[in-house]
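Colleague: Please take one helix of this model and go through it closely, with its packing partners and what lies around it. A plain account is enough.

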Amino acid sequence: MWRITCKTHSAEIDLKHCLIPITVFAGIIAVSSAAYIYYGLYDIGADAPHWFVTTQLIETLRERSIEVRARDIETPNLKDLQLALKGAAHYDAMCMGCHLAPGVRNTEIRLGLYPKPPDLSKAHVDPKAAFWVVKHGIKMTGMPAWGKSHDDNALWSIVAFLNRLPEMTPQEYKAIVAKAQAGNETTPMEAHGEAQDAHGHGHSHASPKHQENGTHSH
Ligand code: HEC
């Protein structure tokens, strides 16, 4: 309606007629958004799903952001078996709880996460995108930036392992993880404890008892 009014007037009146309704409209939006936030109307709970449009918008935002940042990354030889073997221990210790493994259908932490972490024992992810995501994480999803505690070589080993994961049977998965752990001088958890200490945020979890168990919290 305002647009029609604007078009029928001369340039000067046009500006006056358009500016007032636009300013009023912007004001209403700003005030109602502020009120919406201030009165706590938004449900921030992880068990309250987004609207369909919001989901579409966030997914496009995530995909484009990752695609643009990942496209120029150079990939090492991901067929290298030793590299994938190294990644197996990392995956089991750091990722499995959220992203599952062959024969593992769900975990307590995954059930409560929103958005739900993809089942990487079933889905193939583009290696460049996977590397970028594992290194930098994804804001407001629970996906951590592992680049804060691991070097690129360790991250590529995980990507090499991810490449093979969807083809693995539960037995193969268990065997490769066991082999990777046996091949390490230290257990994965010990190695992580040291990495954290080296970066100055070691914590009481790295007690000798915890390292012996070499387990997660359960
Ligand atoms: C605390 C749970 C959690 C842990 C631990 C975790 N992730 Fe994630 N990951 C997520 C979530 C949540 C997403 C994002 C899902 C979304 O945006 O829809 C995600 C996304 C990803 C993606 C992008 C998948 C895609 O289709 O674009 C990759 C790859 C990935 N994670 C790999 C890993 C690897 C490898 C590890 C271990 C080094 C790991 N993640 C550890 C929760 C986790």
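Modeller: Buried residues account for 17% of the 218 residues in the protein chain. The model is a predicted one. Its secondary structure amounts to 11 helices and 0 strands, so no strand enters the account below, helices being the DSSP runs used here. Of the contacts between residues at least 6 apart in sequence, 64% join residues at least 24 apart.

The helix I take is α4. It has 14 residues, and the distance from its first C-alpha to its last is 20 Å, close to the 20 Å expected at 1.5 Å a residue. Of these 14 residues, 10 are buried, so α4 is largely enclosed by the rest of the structure. The buried residues are Ala84, Lys86, Gly87, Ala88, Ala89, His90, Tyr91, Asp92, Ala93 and Met94. Leucine 81 also lies in helix α4. Leucine 81 has 10 other C-beta atoms within 10 Å, so it is exposed, the limit for that class being 12 or fewer.

Now the partners. Two packed helices are described by the angle between their axes and the distance between the axes. For α4 and α8, the axes come within 7 Å and cross at roughly 95°. The two helices are therefore roughly perpendicular to each other. On the α4 side the contact is made by Leu83, Ala84, Lys86, Gly87, Ala88, His90 and Tyr91. On the α8 side it is made by Ala154, Trp156, Ser157, Ile158, Ala160, Phe161 and Arg164. By class, this contact has 9 nonpolar, 3 polar and 2 charged residues. A link between the two helices can also be given as a distance: leucine 81 and serine 157 are 76 residues apart in sequence and 9.5 Å apart in space, C-alpha to C-alpha.

The second partner is α9, residues 170-183, which packs on α4 at an angle of about 100° with the axes 8 Å apart. This pair too is therefore roughly perpendicular. From α4 the contact takes Leu85, Lys86, Ala88, Ala89 and Asp92. From α9 it takes Ile176, Val177, Lys179, Ala180, Gln181 and Gly183. The classes here are 6 nonpolar, 2 polar and 3 charged residues. Lys86 and Ala88 of α4 appear in the contact with α8 and also in the contact with α9, and both are buried.

Seen from the other side, α8 covers residues 152-164, 13 in number, and reaches 19 Å from first C-alpha to last, close to the 18 Å expected at 1.5 Å a residue. Its buried residues are Trp156, Ser157, Ile158, Val159, Ala160, Phe161 and Leu162. What covers them includes α4, residues 81-94, and α7, residues 127-136. Among these buried residues, Trp156, Ser157, Ile158, Ala160 and Phe161 are also part of the contact with α4.

Past the end of α4 comes the surroundings of the ligand. In total, 22 residues surround the ligand, and the closest are Cys95, Cys98, Pro115, Pro117 and Met143. The elements that give two or more residues to this shell are α5, residues 96-99, and α7. The largest share, 4 residues, comes from α7. By class, the shell has 17 nonpolar, 4 polar and 1 charged residues.

Some backbone details in the loops remain. Most residues other than glycine have a negative phi, and most peptide bonds are trans. The bond from tyrosine 114 to proline 115 is cis, with omega near 0°. Proline 115, in the loop between α6 and α7, is one of the residues closest to the ligand. Leucine 100, although not a glycine, has a positive phi of about 65°, and is found in the loop between α5 and α6. Leucine 100 has 20 other C-beta atoms within 10 Å and is therefore buried, that class starting at 20. Methionine 140 likewise has a positive phi, near 55°, in the loop between α7 and α8. With 7 other C-beta atoms within 10 Å, methionine 140 is exposed.

To return to the helix itself: α4 is largely enclosed, and it is roughly perpendicular to α8 and to α9.

Key
Residues are numbered from 1 along each chain as its sequence is written. This is a predicted model: local features need pLDDT of at least 70, side-chain atom pairs count only at pLDDT 80 or more; totals for chains, interfaces and linings use all residues. The expected span of a helix is 1.5 Å times one less than its number of residues. Two residues are in contact if their C-beta atoms, placed from the backbone, lie within 7 Å. A residue is near a molecule or strand if its C-beta atom, placed from the backbone, lies within 6 Å of it. Ala, Val, Leu, Ile, Met, Phe, Trp, Tyr, Cys and Pro count as nonpolar, Asp, Glu, Lys and Arg as charged, and the others, Gly among them, as polar. Axes are lines fitted to C-alpha atoms, for helices over the stretch in contact, and angles run from 0 to 180 degrees between N-to-C directions. Angles under 35 degrees count as roughly parallel, over 145 as roughly antiparallel, 65 to 115 as roughly perpendicular and the rest as oblique.
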